[in-house]
Amino acid sequence: QVQLVESGGGLVQDGGSLRLSCAASGRTFSRSTMGWFRQAPGKEREFVAAINWIRASPSYADSVKGRFIISRDVAKNTVYLQMNSLKPEDTAVYYCAATLPISTVYQYWGQGTQVTVSS
């Protein structure tokens, strides 16, 4: 059974930093893409960042480019999202997701972790 478990969310002040972690288990993700998404109250879920498990090539939403960094630790089967220079508009529930092998469809999702940035 595939599990994605996020951690690291919390309350931080405007301009602060947080690092989210996503521990993956239940199958091999060597040909998958791992992504972070977020959903703010009253808004649709949006893409934040993604990384190819093997090539480690990252991609980012324009709204977080230059502030967030996605990375992965193959040995620990864990994906990270380092969030710097946080803004109140970054407040949302952040979700980790994984695609099927060699796919763009995000099949697996974590339960989410709350990030709140106070002004």
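These are my notebook entries on what I looked up in this structure, which is a predicted model.

**Entry 1. The disulfide**

I began with cysteine pairs. Over the whole structure, the search turned up one disulfide. I then asked which residues it joins. They are Cys22 and Cys96, with 2.0 Å from S to S. A disulfide is a covalent bond between the sulfur atoms of two cysteines.

I looked up the handedness of the link between Cys22 and Cys96 and found it left-handed, with -75° about the S-S bond. The pair ties together distant parts of the chain: Cys22 belongs to strand S3 (residues 18-25), Cys96 to strand S9 (residues 92-99), and 74 residues separate them. Are Cys22 and Cys96 buried or exposed? I noted both as buried.

**Entry 2. Strand S9 and its neighbours**

Since Cys96 lies in S9, I stayed with that strand. How many of the eight residues of S9 are buried? I have seven down as buried, so S9 is largely enclosed by the rest of the structure.

Next I went through the strands paired with S9. I took strand S4 (residues 33-39) to begin with; S4 runs antiparallel to S9 and is joined to it by six bridges. Opposite Cys96 in S9 I found Trp36. Cys96 therefore has two entries in my notes: the disulfide to Cys22 and the place facing Trp36.

I turned to strand S11 (residues 113-118), which pairs with S9 in the antiparallel sense over three bridges. Here Val93 faces Gln114 in S11.

Strand S10 (residues 106-109) is also antiparallel to S9, with three bridges between them. In this pairing Thr99 stands opposite Tyr106 of S10. I followed the chain from S9 to S10 and found a hairpin, with six residues between the two strands. What is the sign of phi at Ile102, in the turn? I recorded a positive phi of about 50° there.

**Entry 3. Salt bridges around Arg38**

I moved on to charged side chains. The whole structure gives four salt bridges. Among them is one between Arg38 and Glu46, whose closest N and O atoms are 2.6 Å apart. I checked how far each of these two is covered. Glu46 has a relative accessible area of 35% and is partly exposed. Arg38 has 6% relative accessibility and counts as buried, because the cut-off for buried is under 20%.

Arg38 also meets the side chain of Asp90 in a salt bridge, at 2.9 Å from N to O. I looked up where the two sit: Arg38 is in strand S4, Asp90 is in the loop between strand S8 (78-83) and S9, and they are 52 residues apart, so I put them down as a link between distant parts of the chain. Strand S4 is the one I had already listed as joined to S9 by six bridges.

**Entry 4. Asp90, Arg67 and the network**

Which other side chain does Asp90 meet in a salt bridge? I found Arg67, at 2.7 Å from N to O. This pair links distant parts of the chain as well: Asp90 in the loop between S8 and S9, Arg67 in the loop between strand S6 (58-60) and strand S7 (68-73), 23 residues apart. Asp90 is buried, with a relative accessible area of 1%. Arg67, at 10% relative accessibility, counts as buried too. I then put the pairs together: salt bridges with shared partners join Arg38, Glu46, Arg67 and Asp90 into one network.

**Entry 5. The sheet that holds S3**

Last, I went back to S3, the strand of Cys22. I asked in what order the strands of its open sheet stand. The sheet has four strands in the order S1-S3-S8-S7, with antiparallel pairing. Strand S1 (3-7) and S7 are at the edges with a single partner strand each, so one side of each has no neighbour in the sheet. From one strand to the next, the twist averages 15°.

Inside this sheet I looked at S3 and S8, which run antiparallel and are joined by six bridges. Ala23 has Thr78 of S8 as its bridge partner.

Notes. Residues are numbered from 1 along each chain as its sequence is written. This is a predicted model: local features need pLDDT of at least 70, side-chain atom pairs count only at pLDDT 80 or more; totals for chains, interfaces and linings use all residues. Side-chain values use heavy atoms; hydrogens and water are left out. A disulfide is a pair of cysteine sulfur atoms within 2.5 Å. Buried means under 20% relative accessible area, exposed over 50%, partly exposed in between (1.4 Å probe, protein chains only). Two strands pair if DSSP finds at least two bridges between them. Axes are lines fitted to C-alpha atoms, for helices over the stretch in contact, and angles run from 0 to 180 degrees between N-to-C directions.
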